[in-house]
Amino acid sequence: MTAEDSLAPPRSLYIHLPFCRRRCAYCDFAIAVSGPDLQDRYLDALLAELRLVTRTSPAAEPLQTVHLGGGTPSLLGPERLERLIEAVAAGFSLAEGCEFTLEANPEEVTPAVTREWACLGITRASLGIQSLSDPTLRWLGRGHDAELGLSALGWLRESGIRQVSCDLIFAIPGQSTAAFLDGLDRVLRFQPDHLSCYELTLEPGTTTRRLVDSGRYPQVAEAVALEQLRSARARLLAAGLIRYEVSNYSRPGCESRHNLNYWRGGTYLALGAGSHGFLGGPAASALGLPAGQGVGVRYWHYRDAATYVRVLGQGSSGIRDSEQLDDSQLRLERLALGLRLTEGVEVAEAQLLAASQRLAAHGWLEVEGQRVRATPAGMEILDRLTLELIAA
Amino acid sequence: MGTPTARIRNFSIIAHIDHGKSTLADRLLEATGTVAPREMTEQVLDTMDLERERGITIKAQAVRMPYRAADGLDYELNLIDTPGHVDFAYEVSRALAACEGALLVVDASQGIEAQTLANVYKAMELNLEVVPVINKIDLPQAEPDRVAEEVESVIGIPRERCLLVSARTGEGVGAVLEAVVTQLPAPVGDDNLPLRALIFDCKYDAYRGVVVYVRVFEGRLGAGTQIRMMAGQGTFTVDEVGCFRPGMEEVPELAAGEVGYLIASIRNVRDSKVGDTITEAQRPATQALPGYRQASPMVWAGLFPVDSDDYPDLKEALDRLQLNDAALVFEAETSAALGFGFRCGFLGLLHMEIVQERLEREFDLELITTAPSVAYRVNLRDGQQMEIDNPDQLPDPSQVISIEEPRVKLEVVTPREYLGGIMELCQERRGEFRHLEYQVGDRALLTYDLPLGEIIHDFYDQLKSRSRGYASMDYELAGYRAEQLVKLDVLVAGNSVDALSTIVHRGQAQGQGKRLVRRMKEVIPRQLFEVALQAAVGGKVVARETIPALRKDVLAKCYGGDITRKRKLLEKQREGKQRMKRVGSVEIPQEAFMAVLTIDR
């Protein structure tokens, strides 16, 4: 993909639904713990922004992917969800076979509700199972147990929603490798199409970070985290789920197209509090964002849901700020993001290729023509390899 | 005509840091109307930003205050404000030499500190009349009686003569001015003798050249006078003389007994050396004023630009700093690890920090400073002696008979309860006990003889931490002595890094090597490969650490909202990486070159 291609008019839409029943112990996301009242006002604001966007920049291209992320989008309830989906369908044209993803937590999943989601046009569900050990789920501050997680997965599989993905976390303080792998096996029995397997990141300001920093829970040893990662990769491969990104595995053809677009450097629209969008110059100008020639523009919204609602109430777009990326910044991003993918990234600069060859000699990268990709060993130290390349 | 000599008083203020010297000076300026209250800024005399920030005086100042005393007569009071740090001990002695008297300011809640004592002794050696001022009497924890008793027993000035003052509230300030007039002697000196004027400081002014601070002892000095520096030998014609009120103000002449400045188209501060005597070129004095010595650096370190393109800028910046700082010396140096830079000599660690900070602040340079070293004398087999200020210059051991290191006489004043810890510290630093004297109250004066190299690192910090901040110190050079000294090299991934070599005592080489490589392991980030860190003496490894290879470094989640943050992090990391120095295939951050300074003993 060339630079111009990737700055084409957006064909992906991200919508942020920040509500959660509670904040999980490891979460530093833009979420809001609040009741139905704010949800209604938030939805009104969101739809107002949607209308604003579709009015100022009538979508030139049909959307290939729509992603409802959170927070906990499943908290929205079928009626509000219907309102939202109808508004999306009315404001944008959806391409044939558009991937329409809903993130869900097990607490909201019932056999009935999953069928409603399927009817509303959800084609892909991403379920936050996270762990299959009850003590670990409590430690993470999750609101469900292992049994409910698995039940929810089963109901989703039978709901008619085409693709089902789930999230699992590894390298959790206090959890053994055996316990983690046992949970993974139990999930694999449901034959998910897609699985995201994240190493727990101890973000500043989170409860988990404090618990570890204070010494009340041990830091997971590097060797243990690597063992869990490598074992998981092997088991997932045996189950037909192939790693296509640092933390993502899928049956062939079931990759998250929405996320692939991020990693391939594509453009996307964003709506809602805390959401980030990325557009080429013309599309950004249409939204009223400053944009020079040939630049990419990243923009983001007010993080706080109540602020977002207030700002939209005043008729403004909810966008807090934006930045223009010049060619070298765009190339840097494309390299950093593209290397996260197993397929790798096309590299044109001779200097970068030479540096890639040097790292390839140690087995961390593979270079084929202009395509550079990280090997499994390279994926484990990918951020450092990227730094080596950009500083070369 | 100026003020009659009998009505001139030249004095300085001797005080420990934080005992209120600058505040008292401010009050004197106010009380005499030299500075109007609305023009008052804190610490009027400390003009450099660095001085105000650190609460210290680096350059001496001289200010002339008109004062009508209780006797109804008008006096001219010259206050010479002196630097307050041990690095500048020589400058202090010259400023004191320009005076007939000194105010000894002591904090009513603390007592006399080591450096204050050292300066009082200096003042007494110079026959200055000392008036004790007990300051901060308004503080609830003030103990003026105890402090007065200490002044009497330690210095021998009767306790009744102590003035009780609060510079903060202004209480007692009038009595200080009266004491200056009544207790301090007027200068004596003949206007008609050949000129002898003492240089006690100078500063460089971009428009006027060097402004020389002088005290005239004999003769007269005015515009047109042809002067000669008796030690420096330069000859100049005076363009202007004047005094500070506190700004520069031209006067027709400076006569015997007066303090002021002269400007004479002097382009370089090196031509007006502190302590030198100015005389008339046509009618020279036969003998210079006593006490001059060449200021010599005690501490040496390499300064290298982080970005090698900044080398010419660093040279220019050093040239410009040197215009105003005669004590700063430097010469070009090349390091295999750090590239082109300068070996610089400083009066002490504070002086080094000041120069470093000014280079970074005023000239916007980013620097790597190597571990400071002292100058060693190396006796060679061929009978020659060479002086080295850089461990890397040490010749092959086969050519060396012995290495001598500079030693100092260290004086510490401390409350008795901390004596044990401080003596332990001195022993650890190869000190030899000389003397212990108990003073009034609970204080003690401790004298040690120890190597200068042992106190230039973190000795002062250690002294403070082992005495909860109560101990104070002063030192002076006390000759050289041959010791079992060796060069400790550091090897990174098998490559010796010249800028990391240090000279240490043989008995300490292993311990120091261990601490050094351990500290370096902390500051060098993990690399793609395992990196061996070794400390070696003469090719024999005495300590080793291994930085394991990086095994895991990857962001778990990187979605649409994470990209900006990730890119900014990468950009920042790239910048940091480009600032690191490469030794072989290993990237070493700046801090590593200062590791020797930050190790815990």
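Biologist: What makes us say that residues of domain 1 of chain A are in contact with residues of domain 2 of chain A?

Modeller: Two residues are in contact if their C-beta atoms, placed from the backbone, lie within 7 Å. In chain A, 7 residues of domain 1 and 8 residues of domain 2 are in contact across the two domains. On the domain 1 side, α9 and β9 (242-245) of chain A each give at least two residues. The largest share there, 3 residues, belongs to β9(A).

Biologist: Before we go on, what sort of model is this?

Modeller: It's a predicted model, where local features need pLDDT of at least 70 and side-chain atom pairs count only at pLDDT 80 or more, while totals for chains, interfaces and linings use all residues. Residues are numbered from 1 along each chain as its sequence is written, and chains are lettered from A and ligands numbered from 1 in the order in which they are written.

Biologist: Where do the domains of chain A run?

Modeller: Domain 1 is 3-261 and domain 2 is 330-391; such bounds come from an automatic or database domain assignment. Their C-alpha centres lie 28 Å apart.

Biologist: Why would you say the radius of gyration of chain A agrees with a compact globule?

Modeller: The radius is taken over C-alpha atoms, and the globule rule is 2.2 Å times the number of residues to the power 0.38. For 392 residues a compact globule would come out near 21 Å, and chain A has 21 Å, so the two agree.

Biologist: Which elements help chain A touch chain B?

Modeller: The contact takes 33 residues from chain A and 22 residues from chain B. Elements giving two or more residues on the chain A side include β8 (194-199), α9 (222-238) and α16 (382-390). The largest share, 6 residues, comes from α16(A). Helices (H or I, at least four residues) and strands (E, at least two) are DSSP runs, numbered from the N terminus.

Biologist: And why are K21(B) and L24(B) called buried?

Modeller: A residue is buried if 20 or more other C-beta atoms lie within 10 Å of its own, exposed if 12 or fewer, and partly exposed in between, with C-beta atoms placed from the backbone. K21(B) and L24(B) meet the buried cut-off, so they get that name, as do others in helix α1 (residues 21-31) of chain B, including A25(B) and L28(B). Among the elements covering the buried residues of α1(B) are β1 (8-15) and α6 (173-183) of chain B. After α1(B) comes G33(B), with a positive phi near 75°.

Biologist: How much of chain A is buried?

Modeller: Buried residues are 48% of its 392 residues.
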